[in-house]
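Work through the exercises below with the sequence and the structure side by side. Each task is followed by a solution that goes step by step.

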Amino acid sequence: MLELQQLSCGYAAFQAVHELSLTLRPGTITGLLGANGAGKSSTLMCVAGHVARQAGHILFDGQDIGTLPATERVRRGISISPEGRRLFKDLSVEDNLRVGGVIHPARHFVRDRDRVLALFPRLGERLHSLAGNLSGGEQQMLAIGRALMARPRLIMIDELSLGLMPKVIDLCYQALRQLRSEGITVLLVEQNTERALAVADDICVLESGRTVWSGRAEDARNDPSLSAAYLGLH
Amino acid sequence: MLALELVAQGLVQGSIYALIALGLTLVYGLLRILHVAHAALFTLGAYVGVMVYNATGNLPLAFALAMVVAGLAGVATFRLAYQPILSQPPFVALIASIGLYIAAEETFRVVFGASGLSFATPPLQGQVALFGGIQFKTAELMVMLGTALIIAALGWLQTRTRVGVACQATVSDPQMAESFGISLRKVRDINFFVGSALAGFAGVWVALLNNLVEPTMGSVPSYKALAIIVLGGLGSVRGTLAAALVLGVVEAFGTIYLGKLLDRNAIAFAFLILVLMLRPQGLFATR
């Protein structure tokens, strides 16, 4: 699966992440936690191929993909639901899904789309609406659905619960569990620590671009000092 | 009656503007470059059309070759002139574009002569009477029909095919489009090809309407097309089409009613300045 070795990345002179090492176990959910500006989103965008790697390695299936363009990484099986969702706002829900699956033959579209609609039935009712007119929850579902259209083996989701109603968050987390049960590996960036701890198998906590804690989620749940110091839990 | 005739004349001219401005809009939407050299492809298409028709007498072939040659020249322009400077601020590309346009004009002058070319026996010059007596040249009717057809076809391609949807997604968020495997290079090539082919198509029509192709025929349409895409609300395809037709009609009326004061182009630019003073975001801006 994905293995980050001493990964440093950032924008030009600014280094957002310092020597991050992280190994994802196949078919699990890994929560990447930490405060605003800790380097979580930069890490995802670096794995996706949009933020420059400054040092270290990004191994996927044992191969270093750190120099591949983004267009090639999605073909290897990595897709992203990015920070801010970044839907194609003036395209319909269906066309957003179409773009998500554009690396696969057109004849597979209906089948792949229906799989996404089975996961998020709400999207089926909005198929011909413009993505920009969806509610926040629907946009999040579409961002995840669009990423799933690429048929990834690793899906990276940034700020799953940000700005959503609790009911919708439940629905999205239910979908994550479903994906995990299908064998898809999930790398989840979350500010909502409680939610992430409840679903994740592994946890990595970043602070100012450095790892301050990583291990099993159950250990994180039982480590009071960690909860108090980094996760804002008491 | 006169009003109807002026509207018809305006729509003919507006169709030409629309064809030229569409390519500019595609390029602006994709790269945020004001592509002044676009008008050189319009002129190139006109030359190719006249030469092919004079050599073969086959008008469809003249159109097809004009579009292909202009389209390929457009892709070459992008790859050689713009691609290497994409990371620079937009005015760098604008300056390059203006330089390229001037160089192209001079090249046409050197290669084909300063006096221009004409059709040996211009086709589609017959007169047709429509709507109870308005006289059209056959070419004028055909340019409206051809523009409507080609724009409908493009609209269909853009919304109903995967390549079209991928192009729209790229305009909306290039980085995300790449994230899903869309090659920016290919999308840019396609857009330059299509936009430039449209300019070449327009060039042949202007050659037919005026029976003259000359090195500087692109300069006024070039500035007008730039103003049209601003009027249409930069980057909006529908706005561009509407603005092109409106400008064509305003020009037609202005030439009759203000013709003693101002010439045709002065009227067009006065109108553009006026609109931009009142609505700087463009006539049809959506955002």
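**Exercise 1: strand partners**

In β4(A), which residue is the bridge partner of L4(A)? Find that residue, and then describe the pairing of the strands around β4(A) in this predicted model.

Solution. The bridge partner of L4(A) in β4(A) is I58(A). This pair can be placed in its wider setting, since strand β1 (residues 2-11) of chain A and strand β4 (residues 52-60) of chain A pair in the antiparallel sense, with 7 bridges between them. The next step is to follow β4(A) to strand β5 (residues 63-64) of chain A, with which β4(A) also pairs in the antiparallel sense, over 2 bridges. Here F60(A) stands opposite Q63(A) in β5(A). The hairpin of β4(A) and β5(A) has 2 residues between the strands, and in this hairpin D61(A) takes a positive phi near 55°.

**Exercise 2: the overall form of chain A**

Does the radius of gyration of chain A agree or disagree with that of a compact globule?

Solution. Begin with the expected value: for 234 residues, a compact globule would have a radius of gyration near 17 Å. Chain A has 17 Å, and therefore the two agree. As for its contents, chain A holds 10 helices and 10 strands, while buried residues account for 44% of its 234 residues.

**Exercise 3: the side that touches chain B**

How many residues of chain A are in contact with chain B, and of which classes are they?

Solution. The contact joins 21 residues of chain A with 16 residues of chain B. On the side of chain A that touches chain B, α2 (70-76) and α3 (93-100) of chain A each supply at least two residues. Sorted by class, this side of chain A has 12 nonpolar, 3 polar and 6 charged residues.

Key:
Residues numbered from 1 in each chain as written. Chains lettered and ligands numbered in written order. Predicted model: local features only at pLDDT ≥ 70, side-chain atom pairs only at ≥ 80, totals over all residues. Pairing = 2+ DSSP bridges. Helix = DSSP H or I, 4+ residues; strand = E, 2+ residues; numbered from the N terminus. Contact = placed C-beta atoms within 7 Å. Nonpolar A, V, L, I, M, F, W, Y, C, P; charged D, E, K, R; others polar. Rg over C-alpha atoms; globule rule 2.2 N^0.38 Å. Buried ≥ 20, exposed ≤ 12 C-beta atoms within 10 Å, placed from the backbone.
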